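Subject: Structure handover

Hi,

Here is the structure I said I'd pass on. Have a look at it first, and then read my notes underneath.

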Amino acid sequence: MSAPFRLRGLAAACLVVSSALLVSACGTEQERVTAAAPAQPTGTTSASPSGSASPRLTDDQAERQKLVPAAKVTWDKAAQAAVGEVQQSKLAEMELTWAPSGAEASASPSGQASGSASPSPASPSPAGPSPSGSPGAQTPVWENTVVTQDGTAHKVWVDAVSGQVIRSEQDPDQDADDKSEWAARLKAATVTPQQAVQAAQGRAKGTVTAAELDDNVWKVDIVDTGNWDKTTVGVSATDRKVVSEDVDKD
């Protein structure tokens, strides 16, 4: 073979080898770049610190989330304390709420009103005094209504942390008809609050936050601490049958 042909063949072979080396080098470089590049976070996770797994609570749900865990005394212990405060009385209503303004200052060992201005049970003051010993802090209380045999109603507030009665007073707004109505209602109710709550808990799971004798029905509020919804279960006050069930998701 002549020299020009050998040179051309050698040049072609060199060109092939160079191309192969270039392709191999590019592949290796691409692998290094790919390995060095950090993983990109998904837009959904980084954009929302709270994440979609924690849905936003309504105002009422948020309030329950704050109030319910703050109470250390269960409804039945609070009811026992309230009934024990007023002789020969029965529980008619109770609700877990925040301590009303002035509750600590007017507490009376005898269980009678001290003569100071009555707090407004319907409008408790979250910023009021703390019967549990933390001035200025919100304190959960059980607001109870207990009624004697003649229908006289008493309001009794029980500290939901310590279990102590912090205020007790006779309802000043009752007239003779009110007393007669309460006396008749309690006499007709053969189902106790404990029995009503037990029946209600068979339909809804959670923490009991209220119980009320409304005509011939015990209405029991139960809060689901998983989603903070409240279920009100109506239980017949004469035969323990569940007569209604309403879920409040607001």
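One cut-off before anything else: a residue is called buried when its relative accessible area is under 20%, exposed when it is over 50%, and partly exposed in between. Ala78 sits at 0% relative accessibility, so it counts as buried. Please keep in mind that this is a predicted model.

**Overall layout**

The protein chain has six helices and eight strands. Going along the sequence, they come in the pattern α-α-α-α-β-β-β-β-α-α-β-β-β-β. Of the chain's 250 residues, 34% count as buried.

**Two buried spots and their spacings**

Back to Ala78, which belongs to helix α4, residues 75-85. If you want a distance to check in your viewer, the C-alpha atoms of Ala78 and Glu95 are 10.0 Å apart, with the two positions 17 residues apart along the chain.

Val147 is another one to click on. You'll find Val147 in strand β2, which covers residues 140-148. Its relative accessible area is 1%, so Val147 is buried too. From the C-alpha of Val147 to that of Gln170 is 9.5 Å, and the pair is 23 residues apart in sequence.

**Salt bridges**

How many salt bridges does the count come to? The answer is seven, and I picked out three of them for you.

Let's start with Arg167 and Glu169, which form a salt bridge whose closest N and O atoms are 3.1 Å apart. Arg167 is part of strand β4, residues 165-170. The side chains of Arg167 and Glu169 are also listed as a polar contact of 3.1 Å. Are these two partners buried or exposed? Arg167 has a relative accessibility of 2%, so it counts as buried. Glu169 comes in at 7%, and therefore counts as buried as well.

Next up is the pair Glu245 and Arg203, whose side chains meet in a salt bridge at 3.1 Å, N to O. This pair links distant parts of the chain, 42 residues apart: Glu245 lies in strand β8 (residues 242-248), while Arg203 lies in the loop between α6 (193-201) and β5 (207-214). With a relative accessible area of 37%, Glu245 is partly exposed. Arg203 is at 47%, so that partner counts as partly exposed too.

The last of my three is Lys219 with Asp214, where the side chains meet in a salt bridge at 3.0 Å, N to O. Lys219 has 34% relative accessibility and so counts as partly exposed. Asp214 is partly exposed because its relative accessible area is 25%.

**A negative patch**

Which residues gather in a patch of negative charge on the surface? They are Asp59, Asp60, Glu63 and Asp250. I looked a bit further at Asp60, which is found in helix α3, residues 59-70. Its relative accessibility is 41%, so Asp60 counts as partly exposed.

**If you only have a minute**

I'd open Arg167 and Glu169 for the buried salt bridge partners, then Glu245 and Arg203 for the pair linking distant parts of the chain, and then the patch with Asp60 in it.

Cheers

Terms used
Residues are numbered from 1 along each chain as its sequence is written. This is a predicted model: local features need pLDDT of at least 70, side-chain atom pairs count only at pLDDT 80 or more; totals for chains, interfaces and linings use all residues. Side-chain values use heavy atoms; hydrogens and water are left out. Patches are made of residues with over 30% relative accessible area and no salt bridge: like charges are joined within 9 Å, nonpolar side chains (Val, Leu, Ile, Met, Phe, Trp, Tyr) within 5 Å. Accessible areas come from the Shrake-Rupley method with a 1.4 Å probe; for residues, only the protein chains shown count as cover. A salt bridge is a side-chain nitrogen of Lys or Arg within 4 Å of a carboxyl oxygen of Asp or Glu. Lys and Arg count as positive and Asp and Glu as negative; His and the chain ends are not counted. The place of a charge is taken as NZ of Lys, CZ of Arg, CG of Asp or CD of Glu. Helices (H or I, at least four residues) and strands (E, at least two) are DSSP runs, numbered from the N terminus. Buried means under 20% relative accessible area, exposed over 50%, partly exposed in between (1.4 Å probe, protein chains only). A polar contact is a pair of N or O atoms within 3.5 Å; within protein, one must be able to donate a hydrogen and the other to accept it, and residues adjacent in sequence count only if both atoms are side-chain atoms.
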